[in-house]
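Subject: Handing over the structure, with notes on what was found

Dear colleague,

I am passing the structure on to you below, together with an account of what came out of the analysis. Please read the notes with the sequence and the coordinates open beside them.

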4 protein chains.
Amino acid sequence: MYSNQKSFSAIQDITPQFLACRQLSEELCQPLEIEDYGLQAVVETSPVKWHLAHTSWFFETFILKQFEIPFKNFNPKFEYLFNSYYNGVGEQYLRANRHLLSRPTVEEIYQYRRNVTERMVNLFNQKNLEQYAEIYQLTLLGINHEQQHQELLLTDLLYSWSFNPLFPQYQTQPLLEQKQANKSRWLKQEGRLIEIGADNKQAFYFDNETPRHKVHINPFKVANCLITNRQFLQFIEDSGYQRPEFWLSDGWATVNQNQWQAPLYWQKDGNNWYQYSLNGLVPLNMEAPVCHVSAYEADAYARWANARLLTEAEWEYLAQQQPIDGNFLESGLLVPAAANNSNSIEQLFGDVWEWTSSAYSAYSGFQASDGAIGEYNGKFMCNQLALRGGSCVTSRDHIRSSYRNFFYPDARWQFSGIRLAKNI
Amino acid sequence: MYSNQKSFSAIQDITPQFLACRQLSEELCQPLEIEDYGLQAVVETSPVKWHLAHTSWFFETFILKQFEIPFKNFNPKFEYLFNSYYNGVGEQYLRANRHLLSRPTVEEIYQYRRNVTERMVNLFNQKNLEQYAEIYQLTLLGINHEQQHQELLLTDLLYSWSFNPLFPQYQTQPLLEQKQANKSRWLKQEGRLIEIGADNKQAFYFDNETPRHKVHINPFKVANCLITNRQFLQFIEDSGYQRPEFWLSDGWATVNQNQWQAPLYWQKDGNNWYQYSLNGLVPLNMEAPVCHVSAYEADAYARWANARLLTEAEWEYLAQQQPIDGNFLESGLLVPAAANNSNSIEQLFGDVWEWTSSAYSAYSGFQASDGAIGEYNGKFMCNQLALRGGSCVTSRDHIRSSYRNFFYPDARWQFSGIRLAKNI
Amino acid sequence: MYSNQKSFSAIQDITPQFLACRQLSEELCQPLEIEDYGLQAVVETSPVKWHLAHTSWFFETFILKQFEIPFKNFNPKFEYLFNSYYNGVGEQYLRANRHLLSRPTVEEIYQYRRNVTERMVNLFNQKNLEQYAEIYQLTLLGINHEQQHQELLLTDLLYSWSFNPLFPQYQTQPLLEQKQANKSRWLKQEGRLIEIGADNKQAFYFDNETPRHKVHINPFKVANCLITNRQFLQFIEDSGYQRPEFWLSDGWATVNQNQWQAPLYWQKDGNNWYQYSLNGLVPLNMEAPVCHVSAYEADAYARWANARLLTEAEWEYLAQQQPIDGNFLESGLLVPAAANNSNSIEQLFGDVWEWTSSAYSAYSGFQASDGAIGEYNGKFMCNQLALRGGSCVTSRDHIRSSYRNFFYPDARWQFSGIRLAKNI
Amino acid sequence: MYSNQKSFSAIQDITPQFLACRQLSEELCQPLEIEDYGLQAVVETSPVKWHLAHTSWFFETFILKQFEIPFKNFNPKFEYLFNSYYNGVGEQYLRANRHLLSRPTVEEIYQYRRNVTERMVNLFNQKNLEQYAEIYQLTLLGINHEQQHQELLLTDLLYSWSFNPLFPQYQTQPLLEQKQANKSRWLKQEGRLIEIGADNKQAFYFDNETPRHKVHINPFKVANCLITNRQFLQFIEDSGYQRPEFWLSDGWATVNQNQWQAPLYWQKDGNNWYQYSLNGLVPLNMEAPVCHVSAYEADAYARWANARLLTEAEWEYLAQQQPIDGNFLESGLLVPAAANNSNSIEQLFGDVWEWTSSAYSAYSGFQASDGAIGEYNGKFMCNQLALRGGSCVTSRDHIRSSYRNFFYPDARWQFSGIRLAKNI
């Protein structure tokens, strides 16, 4: 179960939320040329086109196929083409080859989107349907799924564009107030037995956030702000990328194999650092949080700073005490922004996903959903690390304190950054 | 020097030939959607867009840069982006990443083409230019270069499209008269001392066809027709792909590693064979020449048939006695066609490139051209085999008996086929 | 710090323990031919020779280099040749090439061993040395280190030998009483707040077992026995290796890439299963615990059986209540043995390392040791899973309830097996 | 057929030649430790043990299996273990894993050798055997086969040892007279129609040297000496390894991928160059021929020197006029030696294998032998280049002017060097 049981009255207005979500995906593509929709730089990323189609496939496969009578699928081959990884649904087109699907064209995919959107709305309008509660829950899941792909759409596009020496620019850079350098403060936390995981008051959550369960945490200190580009530059200038003593063994191998010398998208021209972003190639904003680092870099930075990363439980405990507010997709910045120099905790939500030291694994008592949908989260609970808090390209209403994101520790193309903690 | 010295009168009409060539590249793209222009399935192939740009780059770099006064390059970054492999010109954008260049857009590349075409014509119109003879020769080279890329454009597009389960169709299949099965005849040839290589009567030739030189050939027999799909199917049904005794050692390794069981683009559905082509996915034409086989498959087939492939010298000797006629790009078929069942030699030109047993290497006395243009052919004279005769996607006026094409022996995406010979 | 502070009297008898450990390494090599000492099938394994040398290097580098006056190293080049992964000590000979070190010869490595052993004993005999306490602690670490390599020596040898169709036999198979099939029982456990990690009463522990800390566990059930070969065979016969629904995503990719269809060392001949082991190629013992499975296979088996693996904390909690007894190296079996069919928990120690679902990561408050020795455990805390309990090739006195072993989830050459748990 | 038909009298004394060959293989192993017999650094090389066994396997498989009555094979599993690449004989143990065969031991392989040698001599003594002529021919083939492996045994051993920082020394360096620098002279050759390939006067030849056939060569000049280390050093110092204009395209890719900066086994220590060889790590002998270069390096050097390599036909034409004399294995130097500064052609035989520009391919009219033995040479006629003349580790009586050796162009571990030619 992905969401809470609601009374009928509470669930009758899914249509506006659904339409807004569908519309946002398309609005995000406004700045693109048709040629941009097909790019796929590496197997881990997907073309914009594919994101647009796959999110429609999700509604068609998991809702319309079950509830639409009669089921009129848009194109029977799409079930295969736009299945991401659901073995329970059937075979999938080879992920690494998604960039080779010049057909269906962009226009055909927009037609597919309109078709699915319309059929979904028709389904919603059959209000006396017995299965309405289930449709509602699955639609909520589909909306949250599409929100994830909205973030990936931008993230993947930026990555593919970064291989182009013309450095395409998604938008004109908004004016960012250059705040003074923030000075991080350490905030002390007591040890205690806490509870983490989704609670019943939330409208929606993923299965991987369940069950809510007890965890014991020890006393620790947490930095009130994220690590900035300026701070990370000190690590670089202290030969951080050349000194094995700061690195996990796998991280050291990765750094050397890929010859990493700075975060992804950083470029040095003479003595000046630049950063490629959705706002184009711009001078590095020293006060902004460092972004596009792997967990290996985050961990090495922490060790260099005589600190460590937070665990998932510690992060969630802190987040439970905060409102969900921050620099999200809605701000339109599309880059992380400098902290406010307050004395309290900042930037916990938005800006960058915070790497934790916790492996992404099943909570005690976790049970994946039945059927193909059970593949959504559970089968990835190995070899990945949990990230928390959302980023500047995450929708605000997609996030909550129990939300768990996960990537392999060498991933850098996500909007991922660093917050430090210390043992007491 | 790539072409013969001509009197001034002979060279004054390069403009129509140039314009026709430039126009043909664009006409070949008429059936495409914008999304098709960017596909690149493997590093050996290039996107259509890139072919359109690179052929313009060639004129701009090797002619306009030298002769246009003042030189106004369209975009300084294109020198890097669209350089294929000329180290003498400078560094090159990574070949494997050409599919990531969503920008410049297709429309911008067409603008680039129009700009280069116009500037070239302006250059031609300055008739009293001292350097006209050199411009003429280089333009002829550029036209022949663009003709090669016209063939590659179709060849690469077919390959990229073949990964799409929707099997895009370039054109509607022309009505092919189903001729009766041809029966191959062996034609005896005497041994003798012959001459091969470009001779002075030709308007144009590449440096790799020079110098004309003596070669001694022994008596041999040659098949008057190409091997057909029907004949190749017998090899398959005789477990040809499973029996190591027919294969070169490297070929056997390649077959097993790639699990080849039929020529590229063949598909079996139940008991019926289909072939993907520029005319879409169609039933295999049993009388047509087998196409899209590697040199390893050609060699294995020959050994299975107690025969061998021709050498370059033998092929050229036969071709010197034939008119340059056959199923070329101009026929509009875009697939190889059945033979005519004559008693004399057929299909030597057009239909499919014929794999020879000859390594592509320097002729005795070969001297590559000076400067970056010397990289055109010479530096590839290792590890590749010579193919002869052109194909159904080669322009008729691009071919001659001394023309040498070359590919690695495992290449299958070219329009390549098999003609047999035997020792006497 | 790797071990407890002891009074001087308690530490005065390290010599016999040291000598016994040094002797055991050499006794384990008695069945070998000189040719066997150099084998290295994959980079993760090391030649027997190298294990013998590296364990000597450890004493020479971390104790003699610091305390021997004057320091007379056996061969200055050995510091480089036999350093495993300690960047703090210096560069290392490429791990994948260890099998290329035919020199020093086996005899020279035995000389090296004798030399180091002798110098260590001389050091112990200088009893009034101020640094004696530190030497004692480091020697305990060195002994435990050598014990780990004794296990690896056998594990790696078996793996390298398995590529030899002659199936070399390390020892004659001991007579194994064929017990009746055991029937696993589920033992219920209450949820509670427990403590795990090394406590002060232990003579020695590794840094990765510290600090002792609180963990909350939920109620669960645990199987009293390990999964047997017979049980695992049912999974195979139920197409377990062909059904994606049981597998983690990375596991499914691994299974397909490597075409796994049974545990490592299993072979089918007609209808009969055989297993290669240190006792040679023998019929599969159906009542013995399944061994040489990856974490992916362990997890897939558990999901197939509607169960799960234990967490580290759950395992340790169970083990804290048990004596350290079981089928260890000392039994001389060198294969896991059938359970006793009791009603209580069995096989927790010895037989096979039990894969847990817990990522091998730092305990809350963990601090790696200073200097190069800090690289022993800490830098591997990423991408690996914890295994618990020791195996039939582990020394009994090497193990304790807080002991943490760790391997990548795809590792199969270790003596690793499966114990199930369930949520209540 | 690999050799000439001889009268019965001529063939009656194969025994001494056979025994001498068998003995030489074992004598070459005298300096080795048992540990050295098993090394295999890369798949292209084989362990010494394997060479010793495979050459015995060859006699057992191709002669004893056919003629010995009754056939008593030494160990039935050896047919599989020591088959190199003869698919006609059956499956082969994976080539890359030969280093994992610690069993059979070195001593067991010597027993195998003695057994085969004895059985062969017994076979020879049955003089009235009808099949004696065939046995004679096959034995000659087996002897020549073993001679090839004697060279490979040393070549492969040197390569494997080169990974050992202790730099094992096969023999003490013989005193090499330091001759003055030789000055190469160009010797003019007329163009003509020549014959190459094995002729009937030779006692033995391989099938790939047949048939003798006519080739037309153009006028050319040839350097009377091999390129020396001093000369090659000038290429290095002129940035030869950094300038793409000298390199074949595949060569340039290889140089960059492998970061080649000097011939294999060269090492720079401060300003001094050293070379690892069978005589250990010694200062580079400036007057000796450069050795252990790939065809890519040979070709690049030639282009840098405004010259080219010889073709096979040109080389053979020159060699037909020379006695077979030079620095072969029998000299005991085991390294190439400086030229004599004569005015005539030198070093054509021995010292180093000379890379030619000719692809290793079938001579016009070539027919591979029947059966599995036909796999000896023919199936490798693709992607390799011909080398000529033998080296300092080739037996003198193994070589002739028509002898064709072949390796991939990137091979450097052979004793291969450079002779220049020029067009006239």
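The point I would put at the front is that 100% of the interface residues of chain B are also interface residues in chain D, so the copies meet through the same surface. Please keep in mind throughout that this is a predicted model, and that every value below is computed from it.

**Chains B and D**

On the side of chain B, 26 residues are in contact with chain D, and 26 residues of chain D take part in return. The area buried between chain B and chain D comes to about 2100 Å², with carbon and sulfur atoms giving 49% of it. Between chain B and chain D there are zero salt bridges, whereas ten residue pairs are in polar contact, counting those with both residues at pLDDT 80 or more. On the side of chain B that touches chain D, the elements that give two or more residues are strand 3 (213-217) and helix 7 (249-258) of chain B. By residue class, that side of chain B divides into 13 nonpolar, ten polar and three charged residues.

As for the symmetry of this pair, a turn of 180° with a shift of 0.0 Å along the axis lays chain B on chain D with an RMSD of 0.0 Å. The two copies are therefore related as by a two-fold rotation axis. Within chain B, the C-alpha nearest that axis belongs to Asn383(B), which lies 2.6 Å from it.

**Chains A and B, and the pairs that do not touch**

Chain A can likewise be superposed on chain B, by a turn of 180° and a shift of 0.0 Å along the axis, with an RMSD of 0.0 Å. Among the residues of chain A, the one that comes closest to this rotation axis is Glu35(A), whose C-alpha is at 3.0 Å. Here too the same surface serves both copies, in that 100% of the contact residues of chain A recur in chain B.

Two other pairs are without contact: chain B and chain C do not touch, their nearest C-alpha atoms being 14 Å apart, and no contact joins chain A and chain D, for which the closest C-alpha atoms also lie 14 Å apart.

**Strands in chain A**

Within chain A, strand 5 (residues 266-269) and strand 6 (residues 272-277) run antiparallel and are joined by four bridges, with Trp266(A) standing opposite Gln275(A) of strand 6. These strands form a hairpin with two residues between them, and Gly270(A) in the turn has a positive phi of about 65°. Strand 6 of chain A is in turn joined by four bridges to strand 7 (residues 280-283), again antiparallel, and Gln275(A) stands opposite Val282(A) in strand 7. Strand 6 and strand 7 of chain A also form a hairpin, with two residues between them.

Elsewhere in chain A, four strands form an open sheet in the order 13-12-11-14, with mixed pairing. Its edge strands are strand 13 (405-407) and strand 14 (416-417) of chain A, each of which pairs on one side only. Strand 11 (residues 353-359) of chain A runs parallel to strand 14, to which two bridges join it, and the bridge partner of Glu354(A) in strand 14 is Gly417(A).

With best regards

Technical notes: Residues numbered from 1 in each chain as written. Chains lettered and ligands numbered in written order. Predicted model: local features only at pLDDT ≥ 70, side-chain atom pairs only at ≥ 80, totals over all residues. Heavy atoms only, no water. Contact = heavy atoms within 4.5 Å. Buried area = accessible area lost by both parts, 1.4 Å probe. Salt bridge = Lys/Arg side-chain N within 4 Å of Asp/Glu carboxyl O. Polar contact = N/O pair within 3.5 Å; in protein donor to acceptor, adjacent residues only side chain to side chain. Nonpolar A, V, L, I, M, F, W, Y, C, P; charged D, E, K, R; others polar. Least-squares fit on C-alpha atoms with pLDDT ≥ 70 in both. Pairing = 2+ DSSP bridges.
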